Amino acid sequence: MHHILTAGAQRALIQAERIASGSAESEPTLAPLLAALALEESRAAEIMRTHQIDLAQILQEFQLPLSQDPATSLLDSPVQPLEMSQALQQYPAFREVLNHAMQQASRADVPTEIGSEHLLWGLLATAGKESEWLQSTGSLSAEKLDDSINVIFRQTVEPLDVDFALRTVAATADDQTNTLRTIDAAANRLREGLRVIEDFLRFSLDDAHLMSLLKSTRHRLTDALRFIGNETLISSRDTLNDVGTSISTTSEIDRSSLEHLLQANLKRVQEAARTLEEFSKLISPEAAAIFKQMRYASYTLEKTILTCIASQRRLENSRLYLLVSESLCHHGAGPAIRESLAAGVNLVQIREKSMTDRQLLAHGNRVRKWTRDAGAILIMNDRPDLAIAIDADGVHVGQDELPVREVRQIVGPRRLIGVSTHNIEQARQAVLDGADYIGVGPTFPTSTKNFAEHEYAGLDFVNQVAAEITLPWFAIGGIQADNLQQVLEAGATRVAVSGVICSHEHPGQITRELLEQLSN
Ligand SMILES: Cc1ncc(COP(=O)(O)OP(=O)(O)O)c(N)n1
Ligand SMILES: Cc1nc(C(=O)O)sc1CCOP(=O)(O)O
Ligand SMILES: [Mg+2]
């Protein structure tokens, strides 16, 4: 009969082997197993804790060494899982523990893997100083443990033959080697793919925020591989006999543009992450979980990078963004919009706070016509529904309005979504949420919108965004012809304005002036 160990029991056995190898004892004992059960986050450790038994007591009682940080020691120097139980298996008392543990697991009313609690039970049932100590110090007995394990005894169990094919991995050594080789090859593909993307972010996009995201993805790969063991992977590597190394498909050779190259490598990363996730399930559920996270992270990364590239293209020539409110305009919104369009503005936002929906719809339809005729982009403030109704090119939302995800569901994939941000965390989040551009402000005091004094993000925020974000962004708030230069010096290349144009006697004239400064 084959029994499979739970992940917690596997870790405990690996730890036991390690502790035993560092112990000065010439004869093997069960103390390393006891210590390992207390060391791992497992049911056995939990049970022992409820009986006031902890690792420190065990180490002291049985004079065991544990020089490394127990929490990380297993990760730091991994043991090859198949070899793990070989030495312990030679030891009769350990075989007895396993035999008891298997019997105990067999008593469960549902098929049960051998868990750390069964190993603890086996240890208690095996005569020896460890069992005696557990019973005297922690007043723990095999009977008491039954309650904790919650086994339903329905039959008298005959001693079982111990089958030492304790499988921690695949059924055969060949299976295991092949699994490890697959993981090793996929990890290399993933690493290489990430490196290409990183170079793209560094040299083509020059985006520090996305680069730091990518780096943390790379670190996750390292974390996950620790669960499997780097040495184990390298020792399973067999490049000479790997048929995959000689195959290059046309899709691998054909890279028609930087973007194509980027996409191919994003796909490569996702496929490798999927392979790693699936094959790691045979070896380490912890690693598999990390690979799954990496796969999802790579989808976010893909969406974010591609959105960034597409938005840069769409907003390439939009340096001046005009927000129009009827109430601010000297001669009404119509003349302000038409004159500024004629002067060269190519991005307009309808920002009306007091019109009824019907008024907004009618106004929106007029502005749509003017902007379309001028070849300009039209954005509706606050209202995804009206953005669709007037066929605007996008919608702008603030921090308290609908999140990007929900707005996207309403306006679909092609309309632009802009998000207001007032600090660097919000800016980073908006990028990851899938915004197509962000507003960055308020830069200076403004009478167009109420902000408390402490809410002025100022030029520092502009500086921060300039240092790390390449998704198109517009500095906004109190920007005028006479302070625009400071904004540009802080790193902005695009600005959004309202009052300076709307309330100007000659909207066309001030528009030209601002555009002139922006083009310099
Ligand atoms: C380009 C741009 N940036 C910021 C805002 C402000 O949006 P929000 O915070 O939602 O405030 P209101 O404009 O709705 O009052 C914006 N509209 N456009
Ligand atoms: C509507 C708005 N949002 C801001 C933000 O920081 O999010 S600042 C602002 C007012 C922009 O108008 P003006 O150019 O007249 O100051
Ligand atoms: Mg708003």
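These legends describe close-up views of two ligand sites in a predicted model.

**View 1. Residues around ligand 1.** Ligand 1 is surrounded by 14 residues. The closest are Gln349, Arg351, Lys353, Ser420 and Lys449. Sorted by class, this shell consists of six polar, five charged and three nonpolar residues.

**View 2. Polar side-chain contacts to ligand 1.** Arg351, listed among the closest residues, places a polar side-chain atom 2.7 Å from an oxygen atom of ligand 1. Asn381 also has a polar side-chain atom by an oxygen atom of the ligand, at 3.1 Å. For His396 the partner is a nitrogen atom of ligand 1, and the distance from the polar side-chain atom is 3.4 Å. The protein buries 93% of the 420 Å² that ligand 1 exposes when taken alone.

**View 3. Coordination of the magnesium ion (ligand 3).** The ion is coordinated by Asp382 through OD and by Glu401 through OE, with Glu401 (OE) listed twice. The distances run from 2.1 to 2.6 Å. Asp382 and Glu401 are 19 residues apart and link distant parts of the chain. Asp382 sits in the loop between β3 (377-381) and α19 (384-389), and Glu401 in the loop between β4 (394-397) and α20 (404-411).

**View 4. Exposure of the residues that coordinate magnesium.** Are Asp382 and Glu401 buried, exposed or partly exposed? Asp382 has a relative accessibility of 23%, so it counts as partly exposed. Glu401 also counts as partly exposed, because its relative accessibility is 32%. Both values fall between the cut-offs of under 20% for buried and over 50% for exposed.

Key. Residues are numbered from 1 along each chain as its sequence is written. Chains are lettered from A and ligands numbered from 1 in the order in which they are written. This is a predicted model: local features need pLDDT of at least 70, side-chain atom pairs count only at pLDDT 80 or more; totals for chains, interfaces and linings use all residues. Side-chain values use heavy atoms; hydrogens and water are left out. A residue is near a molecule or strand if one of its heavy atoms lies within 4 Å of it. A polar contact is a pair of N or O atoms within 3.5 Å; within protein, one must be able to donate a hydrogen and the other to accept it, and residues adjacent in sequence count only if both atoms are side-chain atoms. Accessible areas come from the Shrake-Rupley method with a 1.4 Å probe; for residues, only the protein chains shown count as cover. Ala, Val, Leu, Ile, Met, Phe, Trp, Tyr, Cys and Pro count as nonpolar, Asp, Glu, Lys and Arg as charged, and the others, Gly among them, as polar. Donors are N, O and S atoms within 2.8 Å of the metal (3.2 Å for Na, K and Ca); water is not among the atoms, so sites may look incomplete. Helices (H or I, at least four residues) and strands (E, at least two) are DSSP runs, numbered from the N terminus. Buried means under 20% relative accessible area, exposed over 50%, partly exposed in between (1.4 Å probe, protein chains only).
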